[in-house]
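Dear colleague,

Here is the structure I promised to pass on to you. Please look through it first, and then read my notes below.

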Amino acid sequence: MNFHLFLLSSAFVAVSGQLDKVAKEAGLLYFGTAVDNPSLNNQNYLRIARDPAEFGSLTPANGQKWSNTQASQGRFTYGSGDAIANIARQTGQQLRCHTLVWYNQLPGWDTVSSVYNRDQMQQIITAHIQNVAGHYKGRCYAWDVVNEAMEDDGRYRNNPMYRAMGVDYITHSFKVAQQTDPAAKLYYNDFNIERCCNAKINATIAMIRTVKAAGAPVHGIGMQGHSRVGMSPSKREMKETMARFSELVDEVAFTEVDIRHTKLPIGAAEREQQGKDYMEVVGACLETPKCVGITVWDFTDQYSWIPQQYPGEGEACLWDRNYNKKPAYHSIVGLLQSAASSGLRTSATPAPVAAIAVTAA
Ligand code: XIL
């Protein structure tokens with residue numbers, strides 16, 4: 001089949017076309033990127049980030065997190081998130097909003113779990129979601145309502161919300177998010193839930209079942225998709241995971257993809273491998289009827305979070321730090337073009353994609 005032959009042969013072919021344009025032609029809803037505030041004074045960066053043909057969706061990398069929106073209790077600030085949301089408003093790009101309830105990047109007043117009993121925590125979560133999701137109401141295609149609630153070994157992450165409320169904090173968060181912004185697709189989002197089927201994936205499935213049974217409106221599951229060149233999950237493994245998630249929710253997405261090199265500097269072979277690894281992700285999404293789109297966790301190495309988080313690793317993005325497109329970029333565009341012309345996805349899944357496109361408008 002053409003599509004598979006393409007996978008083997010395309011790594012270094014430079015192709016014309018832009019990511020979101022060809023992603024839509026291939027039947028996806030969007031190809032998106034995270035954008036962080038420090039990059040917003042860089043015209044080279046903005047020329048690409050603001051181009052709807054390249055990125056049909058933007059995600060604030062930090063601007064909507066708790067520490068940026070409610071650094072002190074009851075005082076809400078939206079400058080960082082709005083800076084990115086306003087770009088999307090001007091350009092017509094979609095917004096993927098990130099994230100309402102997460103154990104990380106919490107402000108100091110909320111991290112001392114022993115201070116709060118169940119009722120207090122419930123009030124705190126309610127106020128946070130009502131304010132933040134209320135501020136962005138009607139503008140978010142999707143919200144990552146709860147982020148990273150599970151441990152790799154399958155236990156619930158022992159975070160302040162869990163300590164105060166148990167698993168009910170997840171159910172509650174989704175309910176408040178839906179009341180606040182009924183049009184947004186409400187996602188559960190996590191990492192290491194791509195390669196089928198580890199303890200975390202099984203536990204995530206069980207957790208989603210539990211909270212849905214308790215009335216949580218979970219519409220989507222986001223797989224972050226951070227991985228390492230040469231060690232990232234295969235298309236087959238990711239498709240299997242998404243098939244399982246698809247039994248539970250309306251849609252799935254890759255929400256934070258970057259594929260980092262573990263040793264630097266790298267050569268041509270590593271660059272080619274990175275392209276293959278990215279194509280596995282894109283191919284898995286294309287071949288999963290409920291997979292709506294792919295977001296990269298920023299598009300240039302200049303602003304990637306990887307070197308800070310994983311010292312010595314990096315060059316994880318589709319553009320290098322000088323804004324040259326890498327082989328991985330061309331591989332993805334070629335794969336999407338090939339999928340578009342073969343009709344791979346549109347013929348396989350007309351109904352869900354069309355239905356989602358209508359509600360997304
Ligand atoms: C990262 C940001 O990119 C960094 O700038 C910040 O210092 C830490 O958080 N999973 C997530 C994202 O859900 O919010 C994280 O973003 C990366 C891991």
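By class, how many nonpolar, polar and charged residues does the shell around the ligand have? The shell has 3 nonpolar, 6 polar and 4 charged residues, where Ala, Val, Leu, Ile, Met, Phe, Trp, Tyr, Cys and Pro count as nonpolar, Asp, Glu, Lys and Arg as charged, and the others, Gly among them, as polar.

Please keep in mind that this is a predicted model, in which local features need pLDDT of at least 70 and side-chain atom pairs count only at pLDDT 80 or more, while totals for chains, interfaces and linings use all residues. Residues are numbered from 1 along each chain as its sequence is written, and side-chain values use heavy atoms, with hydrogens and water left out.

The ligand is surrounded by 13 residues (each with a heavy atom within 4 Å of it), and the closest are N62, K65, H98, N147 and E256. An oxygen atom of the ligand lies 2.7 Å from an N or O atom in the side chain of H98, and for the side chain of E256 the distance from a ligand oxygen to an N or O atom is also 2.7 Å. For the side chain of W297, a ligand oxygen is 2.9 Å from an N or O atom.

Best wishes

Conventions:
A polar contact is a pair of N or O atoms within 3.5 Å; within protein, one must be able to donate a hydrogen and the other to accept it, and residues adjacent in sequence count only if both atoms are side-chain atoms.
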